[in-house]
Amino acid sequence: MSAAAIRTELAELADPERAAGMARYFQVRPGGYGEGDRFLGIAVPPQRAVAKRYAATTPLADAGELLGSSWHEERLTALFVLVRRFERGDDDERARIVELYLARRDRVDNWDLVDASAPYLLGPWLLDRDDSVLDELAGSPSLWDRRIAVMATFAGIRAGRPEATLRIADRLLTDPEDLLHKAVGWMLREVGNRDLACAEAFLGPRYRRMPRTMLRYAIERFPADRRRDYLAGRV
């Protein structure tokens with residue numbers, strides 16, 4: 001019944017005018033990265049509030065059902081439920097949540113869905129475990145699998161362990177997708193925020209091969225003169 005109750009609450013929050021704007025923003029047009037997605041038109045905070053009310057009582061099967069929805073907000077709310085359950089669960093429940101997440105990751109199919117889930121589910125789960133699944137995801141033909149791979153490494157960055165980030169960033173260094181350039185650059189920037197020397201050691205032999213967007217994201221918070229040196233190829 002939790003899935004039905006969540007759907008009912010979200011339907012009551014729907015705003016067709018906002019939905020039209022979101023559809024444009026998330027590029028649901030033919031050929032866009034969000035092609036075919038559907039929006040109810042709900043801002044993120046109300047979705048988080050719905051997830052908070054239902055997380056403790058929502059069976060994982062119901063969350064999985066919502067993940068299969070054609071409505072973007074139902075999928076995102078399902079992910080918010082899973083994140084809350086993961087944060088409060090024991091290892092057995094966390095394992096079930098990660099198993100569900102990986103099994104239904106084809107429905108984690110836009111950048112906001114990835115970014116709201118991978119750093120808070122898959123990333124923390126893999127911190128003290130074999131993380132070779134990240135390499136499998138990084139080698140996937142799916143843009144969203146590859147984004148999951150790099151965004152999941154945010155958990156390691158926060159824990160002072162950026163090795164997975166650097167490994168996956170190296171694999172995705174010349175990825176053709178702009179949404180990967182931004183994600184990899186963002187994670188490298190987060191590495192640099194905590195350990196500038198570590199970030200520069202990675203960038204030094206690679207920055208000339210990186211897409212410009214990735215490089216700009218990575219060095220965004222470097223000192224101004226250092227940014228200019230990288231952009232001019234003088235490092």
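In these legends, buried means under 20% relative accessible area. The model is predicted, so please read every close-up with that in mind.

**View 1. Helix 10, a mostly covered helix.** With the cut-off in hand, let us start at helix 10, which spans residues 143–152 and has 10 of its 10 residues buried. The buried residues are L143, W144, D145, R146, R147, I148, A149, V150, M151 and A152. At the start of the helix, look for S142: one of its side-chain oxygens reaches to within 3.2 Å of the backbone nitrogen of W144.

**View 2. Helix 2 and its buried face.** In helix 2, residues 16–25, the buried residues are A19, M22 and A23. Viewed along the helix axis, these buried residues fall within an arc of 105°, so they line one face of helix 2. That buried set packs against helix 5, residues 72–88. On the other side of helix 2 you will find E17, R24 and Y25, which are exposed. E17 is also worth a look at the start of the helix, where a side-chain oxygen of D15 comes to within 3.1 Å of the backbone nitrogen of E17.

**View 3. Q27, just after helix 2.** Which loop holds Q27? Q27 sits in the loop between helix 2 and helix 3. Its phi is near 55°, a positive value in a residue other than glycine. For background, most residues other than glycine have a negative phi. With a relative accessible area of 24%, Q27 counts as partly exposed, because that category lies between the buried limit of 20% and the exposed limit of 50%.

**View 4. Helix 3 crossing helix 5.** Here helix 3, residues 44–54, meets helix 5: their axes come within 9 Å and cross at roughly 50°. The two helices are therefore oblique to each other. Their crossing is right-handed. From helix 3, the contact is made by V44, Q47, R48, V50, A51 and K52, and from helix 5 by E73, L76, T77, F80, V81 and R84.

**View 5. Q47, a buried residue in helix 3.** Is Q47 buried or exposed? At 1% relative accessibility, Q47 counts as buried, because the limit for that label is under 20%. Q47 belongs to helix 3. A polar atom of the Q47 side chain lies 3.3 Å from the backbone oxygen of A43. Leaving aside residues up to four places away in sequence, Q47 touches L10, I42, E73, L76, T77 and F80. Among these partners, E73, L76, T77 and F80 also appear on the helix 5 side of the contact with helix 3.

**View 6. Helix 5 beside helix 6.** Which angle do the axes of helix 5 and helix 6 make where they cross? The axes of helix 5 and helix 6, the latter spanning residues 91–103, cross at roughly 155° and come within 9 Å. That makes helix 5 roughly antiparallel to helix 6. Helix 5 passes helix 6 in a left-handed crossing. On the helix 5 side, the contact is made by L79, L82, R85, F86 and E87, while helix 6 contributes E93, R94, I97, V98, L100 and Y101.

Methods
Residues numbered from 1 in each chain as written. Predicted model: local features only at pLDDT ≥ 70, side-chain atom pairs only at ≥ 80, totals over all residues. Heavy atoms only, no water. Buried < 20%, exposed > 50% of the residue type's maximum accessible area, 1.4 Å probe, protein only. Helix = DSSP H or I, 4+ residues; strand = E, 2+ residues; numbered from the N terminus. Arc of directions from axis to C-beta. Contact = heavy atoms within 4.5 Å. Polar contact = N/O pair within 3.5 Å; in protein donor to acceptor, adjacent residues only side chain to side chain. Axes fitted to C-alpha atoms, helices over the stretch in contact; angles between N-to-C directions. Parallel < 35°, antiparallel > 145°, perpendicular 65-115°, else oblique. Left-handed = near helix turned anticlockwise from the far one by under 90°.
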